[in-house]
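Student: I'm new to this structure and would like a close look at one part of it. Could you take me to the place where the two chains meet, and then show me how that part sits in the rest of the model?

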Amino acid sequence: MEDKDVLYAKWLNGEISDDKLESLVGAEALVDLKRVVSATDKWSMPKYDASAGYNKFKKNKTVKESKVKQINWYKVSGIAASFLILFFFGTRFLTDSTQVIYAGNGQNENKTLADGSEIWLNDGSTIEFDSEDWKANRTIELSGEAQFEVTKGSPFIVNTPNGSIQVLGTQFNVRAWGPNLYVECYEGKVQVTSNNRKTILTEGEAVNVVQGTMTEKEKITHDAPLWKNSISRFHNELLTDVFEELERQYDVEIKSTILKRSFSGNFRHDNLEDALQSICKPLGLNFLIKEDQKIVEIE
Amino acid sequence: MSKTVCQEEVFESIFKTHAESLVNFLYYKSGDYPAAEDLMQDSFSKLWKECAKVSLDKSKSFLFTIANNMFLNKVKHKKVVLKFEQRSHSQFSNETPQYLLEEAEFKNRLELAIAGLPEGQRTVFLMNRIDKMKYKEIAEKLGLSIKAIEKRMHNALKELRKISHNL
């Protein structure tokens with residue numbers, strides 16, 4: 001049957017009758033499923049008080065914005081001040097030029113900026129920058145992974161939760177998932193700063209920050225990030241992070257008790273079994289793909 | 001003037017429409033209600049900041065995407081524990097104490113099993129079961145296809161079925 005992988009979902013939605021399901025999977029399964037459904041039918045979440053929540057939201061907003069204006073307006077009387085703050089609150093969208101770009105799961109996004117610099121965003125990643133002031137202030141907040149091709153001009157800075165990268169005119173890739181940071185430089189120079197340590201990368205060099213510690217620079221031979229060729233590469237990274245990447249790329253769940261070891265190497269994005277081989281073989285681990293292709297056990 | 005997210009009354013109505021499903025969504029992911037509410041508030045702050053860039057019909061999926069990113073950056077990696085309220089039994093129920101005890105036990109085991117589901121399956125399952133959302137609605141919120149939602153739902157049910165069976 002073609003809908004085998006969504007059978008229970010169709011049944012729950014009333015698209016497949018009890019009788020039909022029973023004929024396909026047996027009476028026992030039907031009873032089990034009904035028990036789960038009828039139990040969860042009675043469950044609920046606490047009602048969220050949206051009005052109170054919205055007041056809280058407005059209050060937080062006003063506090064934040066009044067801080068910005070404090071120096072200018074602290075002498076003005078209370079009524080005038082709150083009026084001005086509200087006015088500011090209501091019109092700030094006209095001047096705010098922060099832009100957010102996010103690549104949803106399974107999508108890569110490409111953005112050309114006002115100065116001609118280009119950014120390619122990997123799945124599930126977000127960048128944020130000020131589009132109006134861009135030429136004078138080329139600063140980007142990144143969560144996730146992206147490749148940059150930067151034109152000459154003012155300093156180009158990428159901030160991540162684990163460190164910042166300042167470009168000195170160049171092409172580079174930044175990988176900032178979880179607690180790690182990995183930067184590869186393909187052209188020109190970039191400066192990487194993390195926890196007070198600084199290093200300058202030139203063409204063909206890469207550096208890794210694992211759990212807050214910056215490693216020695218490494219040599220690379222490729223001139224574009226491997227994810228663009230459907231490959232993930234790791235440099236002495238924790239297995240938990242490797243498994244997370246596998247889970248993202250293949251939409252599977254990895255069950256494993258071995259997490260503390262680290263892994264260096266690649267895996268491809270087009271064949272789950274090959275990918276698992278390339279991780280498990282060097283570490284002497286065994287894996288088992290469950291029949292539904294959704295769960296992988298590694299020991 | 002056509003409606004934009006930047007108009008306060010429009011924004012307020014978006015907030016009131018989606019706040020609850022967003023906070024629930026974040027709870028299903030994190031198992032931490034106060035953290036879920038903070039992230040929900042932060043997601044709306046982001047929407048307000050970006051209101052000029054986000055069209056009205058995109059605001060819903062924008063909120064869920066931002067919430068998911070914030071969750072990944074801030075809260076993930078904690079062990080998830082989920083508890084749900086149970087609507088009270090009918091006053092005239094003639095259910096035996098034995099039955100009620102078994103049912104309470106079943107609820108515990110089911111909650112544990114749900115907490116142990118992969119995050120994507122868990123979220124979809126609970127959005128459907130608790131928030132009573134249709135697959136199409138979940139797909140729109142999460143920016144996924146209906147087929148992807150059905151798959152997650154199927155796999156969740158397949159896993160949870162085992163709990164029922166082993167009791």
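Tutor: Happily; we will begin at the contact between the chains and then move outward through each chain.

Please keep in mind that this is a predicted model. At the meeting place, 42 residues of chain A are in contact with 44 residues of chain B. Several elements of chain A each supply at least two residues to the side that touches chain B: α1, α3 (27-41), β1 (43-44), α4 (50-73), α5 and β2 (98-102). Sorted by class, that side of chain A holds 20 nonpolar, 11 polar and 11 charged residues.

One detail here is worth finding on your screen. Strand β1 of chain A pairs with strand β1 (residues 85-86) of chain B, in the antiparallel sense and over 2 bridges. Within this pairing, A:W43 stands opposite B:Q86.

How far can you trust what you see? The mean pLDDT of chain A is 77, and 85% of its residues reach 70 or more. Two of the elements that touch chain B mark the extremes: confidence in chain A is highest in helix α1 (residues 7-12), at a mean of 93, and lowest in helix α5 (residues 78-95), at 35. Over residues 65-95 of chain A the pLDDT is below 50, although this stretch has 17 contacts in the model beyond near neighbours in sequence. Where pLDDT is low, the predicted coordinates should not be read in detail.

Now step across into chain B. Chain B has 7 helices and 1 strand, and from the N terminus on its elements run α-α-α-β-α-α-α-α. Of its 167 residues, 44% are buried. Among contacts in chain B between residues at least 6 apart in sequence, 69% join residues at least 24 apart.

The largest nonpolar core has 56 residues, and those with the most contacts inside it are B:L22, B:L26, B:M40, B:A67 and B:M153. Helix α1 (residues 8-30) of chain B gives the largest share of this core, 10 residues. To see how the core is knit together, look at B:A67: leaving aside neighbours within four places in sequence, B:A67 is in contact with B:L22, B:F25, B:L26, B:L39, B:M40 and B:S43. Apart from this core lies another, of 31 residues, among them A:L121, A:A146, A:F156 and A:V207.

Right beside A:V207 in the sequence comes A:N208, which lies in strand β13 (residues 205-210) of chain A. Is A:N208 buried or exposed? A:N208 is buried, because 22 other C-beta atoms lie within 10 Å, and 20 or more is the cut-off for that word. Beyond its neighbours within four places in sequence, A:N208 is in contact with A:Y182, A:T215, A:H235 and A:N236.

Finally, chain A also contains an open sheet of 3 strands, in the order β17-β20-β19, with mixed pairing. β17 (253-256) and β19 (287-289) stand at the edges with a single partner strand each, so one side of each is left without a neighbour in the sheet. From one strand to the next, the twist averages 20°. β17 and β20 (residues 295-298) of chain A pair in the parallel sense over 4 bridges, and the bridge partner of A:I254 in β20 is A:V296. Across β19 and β20 of chain A lies helix α7 (residues 272-283), running at about 165° to β19.

Technical notes
Residues are numbered from 1 along each chain as its sequence is written. Chains are lettered from A and ligands numbered from 1 in the order in which they are written. This is a predicted model: local features need pLDDT of at least 70, side-chain atom pairs count only at pLDDT 80 or more; totals for chains, interfaces and linings use all residues. A residue is buried if 20 or more other C-beta atoms lie within 10 Å of its own, exposed if 12 or fewer, and partly exposed in between; C-beta atoms are placed from the backbone. Two residues are in contact if their C-beta atoms, placed from the backbone, lie within 7 Å. pLDDT is the predictor's confidence in each residue, from 0 to 100. A nonpolar core is a set of buried Ala, Val, Leu, Ile, Met, Phe, Trp, Tyr and Cys residues joined through C-beta atoms within 7 Å. Two strands pair if DSSP finds at least two bridges between them. Axes are lines fitted to C-alpha atoms, for helices over the stretch in contact, and angles run from 0 to 180 degrees between N-to-C directions. Ala, Val, Leu, Ile, Met, Phe, Trp, Tyr, Cys and Pro count as nonpolar, Asp, Glu, Lys and Arg as charged, and the others, Gly among them, as polar.
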